[in-house]
Every structure is written in C-alpha cells, then in structure tokens.
Amino acid sequence: MRTVKATAAAVTAALAAGAASVAAGRFASDAALKAPPGRPLPTEPRLTVHGTAAGQITLTRDLAALRPGAHGLSGNGSHAVVGAVLPAAPHSADTVVRRLERITHGTLNPGDAVWLTPNLYVGDPGSALGLDHADIDVPGELGNLPAWFVPGARRTWVIAVHGLGATRELALNVMGFLHRRRFPVLALAYRGDVGAPRSPDGLNHLGATEWRDVDAAMRYAVRYGAERVVLLGWSTGATMALRAAADSGLRDLVSGLVLDSPVLDWRTTLRALAAARHTPGPLLPLAVRAAEGRTGLHGGRGDDGDTAADPARLTVPTLILHGPDDTVAPWGASRRLAARRPDLVALHTVPLAPHSAMWNADPAAYEEALRRFLTPLM
C-alpha cells in the first residue's frame, strides 16, 4: 500500500510539474503571440522623465535614452518627439538630456514613465502630415481591413505593413518621402489591429497567416489601378511581405520588397521577447514549443527554419534595412539572406538602431537608400 501511495504521489507531482511547464511556456510565448498593437515590446525599457525645459527633456540614463536620431516618446496618454542627445546640457550622472522637438498631445511631468518609439507621428496622413488621403476598407478573408490610401500619379503602388507592437501610424515616417516621389501609398491595418478582425484563435502568427491580408491589399490595389506593387514591411510586416511575394496569386505584379528589421527566424524573436519578460533560460524552449502548438508555426525550408527566409523563394529586387543592435530580430539572418542572394538583395546596415527604428537613427541616409532602390522600380 505504501508503494502504491508513493507511486501515486510521484505521478501527481509529475503531472503538476508538466502542467506548470505548459503554463509557463504559454505565458512566455504570449510576449510575441499576444503583443498588443501600439504598446511597447518587452525589450523596450521604461524611462522616467526627470524634468523639462525650453526645448529639452531630461530622462533616465539608459542605452535606450542615448540612441541617435529622432524618436517618438510615449507615455500613458502622452506623445512627444525627441531629437538628438545634448551632452553639453547640465545633467546628473544618471540622466540624459535630449532635444524636445514637440509635444504632440498630453503632458510630460517629472516622474512620468515613458518609452521611446519609432513613431514620430500620431493620427492619420491628414492630421499628421497634411496629406490628402482616404480612409478605406480592404476586403479580407476575415472581414474588412481598415487602411489609409494616399494617392499618387504613378502606377506602382507602395503597400506598407507594420509589425510587432506597432500600428499603421509607423508608415507615416516615410509616407511624406513616398508622396513626394508620387507613389500611391496604401498603409494597412491587418488582423488583430484595432478596427480589424481578430484572428480566429486571437493570436499573432508572426506573419504565417497574416500575409493573406497583404494579398488582399494587393488585390485591392490592382482593382483600383495599380500595375505593379512594392511591398514595404517592418518586423513581422516584412515577413508578411516576403510570404506574399512568394505565395500570392498576384506575386508576378510585385516589383520589389523593402524589408525593415525583418523577422526571418521567428524562434529567435520569440525567445528574445520571452527572455525580456524575465523568463528563465531553461523555459525558453517551452515557449517555442508552446508557440508551435498554439499557432501551427513550424520549421520550413529556410536557413533559419522559416520558409520566409528561404533564399530560393526570393524572386524580386529586395532592400533590407537592418543593423547589429536589433535585439528582437537579430540581423544575422538578414546578412545570410543578402549573402546568399547578392543578385537580388541589397543590405543597408544601420548601427545603433533598435527594432523597427532604422529610419529614426538616420532618416536622411535611410531615405537615400530607399530613393536609390525605388528609382529603377518607378
């Protein structure tokens, strides 16, 4: 009898440990699979406002606060734009002073918690940039997808797709540049975004199913006059663009791809986001297995276990904008893709830029790389 009780206790303990492991894996995988649009990823540190003065803001000293270039600064109910670090401005050893370009809305007070964001602009193309635009609905397989359309004279349309933790407002950073070059621009909200249908399971599939919303946008563009399309994506939006260029029934109309911080190895990205949630290292493989079980994600033919990164599936000129300081989507996969397909891929390296913020670090250099790439595709 004593042996039976001991065995039962061992089985119960094992089952409890297994259930705990499954729960831990699900929680860790939520960092990527349930990343809410418009909220910072776990890798983005919170900063504290220590004070503001005329054209200046003092923030907690952190590597994030020292990033070069121009960035949005978001808090709960506030948004501002900060420029370059001002090293000559008086500050303590644990603070950083940056130029405060403008406060878009809300207020910034000492003690406020804020974080840097790639979004310099909030609102829509009209309120943020003064551009004529239309609010449209793109028919998708799950329902209507909200989008902004900014008209242009060319027959090549640019379809812009944001990624993890972002919204279609991210496209506003380059929309003025594209408009000046007379490209029609379609900035898409896809499944899971505010105002768009939810995925049936409520999860982000890191581009594996969401690419079909890009396909829907391509069909909309062709219906309203596009003869060619350039797909411009950030993060998992870049993954979606790659998949659409390979798998869409309209793939022959894709004349080029622009990939900013592409997620080419979803396992590495998932582990990075889970680790940023302070998930212990031994549990990180459980996060990957949980993601596979919950979403159906699995390895493919690419070098990094993802069909999106398969060099053989790439058929159009591609510009990758990425850098070594991206901790969400490490750029090793981008370098390998560029090395495997030098006939099609140009890699523009951006140092000291976080995920999806390649433009922010040096807008002029970014737009020059974009200009050189797009000119032959006009």
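I began with the nonpolar interior of this predicted model. The largest nonpolar core holds 42 residues, and I159, M218, V229, L231 and L257 touch the most other members. Helix 4 gives the most to this core, contributing 7 residues. I then listed the contacts of L231, leaving out residues up to four places away in sequence: I159, V214, M218, A241, A244, A245, V254, G256, L257 and V258. I also noted a second, separate core of 36 residues, with V81, A160, F177 and W234 among its members.

Next I traced the sheet. I found 8 strands in an open sheet, ordered 7-8-10-9-11-12-13-14, with mixed pairing. Strand 7 (134-140) and strand 14 (345-349) are at the edges; each has a single partner strand, so one side of each lacks a neighbour in the sheet. From one strand to the next the twist averages 20°. At the strand 14 edge I checked the pairing with strand 13 (residues 318-322), which is parallel and has 5 bridges. H322 has T349 in strand 14 as its bridge partner.

I looked up which helices pack on this sheet. Helix 4 (residues 211-223) does, touching strand 7, strand 8 (143-150), strand 9 (156-161), strand 10 (185-188), strand 11 (228-234) and strand 12 (254-260). The direction of helix 4 makes about 120° with that of strand 7. Helix 10 (residues 363-374) also packs on the sheet, where it touches strands 11, 12, 13 and 14. For helix 10 I noted an angle of about 170° with the direction of strand 13.

I turned to strand 4 (residues 78-85), which is mostly covered, with 6 of its 8 residues buried. Strand 4 runs antiparallel to strand 3 (residues 71-75), and 5 bridges join the two. In that pairing, H71 has V82 of strand 4 as its bridge partner. The two strands form a hairpin with 2 residues between them, and G77 in the turn has a positive phi of about 90°. Strand 4 also pairs with strand 5 (residues 95-105), in the antiparallel sense and over 5 bridges. There I found A80 matched with I103 of strand 5.

Last I went through the salt bridges, of which I have 12. R294 forms one with D30, with the closest N and O atoms 2.8 Å apart. Because R294 lies in helix 7 (residues 284-295) and D30 in helix 1 (residues 2-33), the pair ties together parts that are 264 residues apart in sequence. Are R294 and D30 buried or exposed? I found R294 buried, and D30 as well.

E141 took a separate entry. E141 forms a salt bridge with R191, with 2.8 Å between the closest N and O atoms. E141 is in the loop between strand 7 and strand 8, R191 in the loop between strand 10 and helix 4, and the two are 50 residues apart. R191 counts as buried because its relative accessibility is 6%, under the 20% cut-off. E141 also forms a salt bridge with R212, where the closest N and O atoms are again 2.8 Å apart. R212 lies in helix 4, so this pair ties the loop between strand 7 and strand 8 to a part 71 residues apart in sequence. I noted R212 as partly exposed, with a relative accessible area of 31%. My final note is that E141, R191, R212 and D213 are linked in a network of salt bridges.

Methods
Residues are numbered from 1 along each chain as its sequence is written. This is a predicted model: local features need pLDDT of at least 70, side-chain atom pairs count only at pLDDT 80 or more; totals for chains, interfaces and linings use all residues. Side-chain values use heavy atoms; hydrogens and water are left out. Two strands pair if DSSP finds at least two bridges between them. Helices (H or I, at least four residues) and strands (E, at least two) are DSSP runs, numbered from the N terminus. Axes are lines fitted to C-alpha atoms, for helices over the stretch in contact, and angles run from 0 to 180 degrees between N-to-C directions. Contact means heavy atoms within 4.5 Å. A nonpolar core is a set of buried Ala, Val, Leu, Ile, Met, Phe, Trp, Tyr and Cys residues joined through side-chain atoms within 4.5 Å. Buried means under 20% relative accessible area, exposed over 50%, partly exposed in between (1.4 Å probe, protein chains only). A salt bridge is a side-chain nitrogen of Lys or Arg within 4 Å of a carboxyl oxygen of Asp or Glu.
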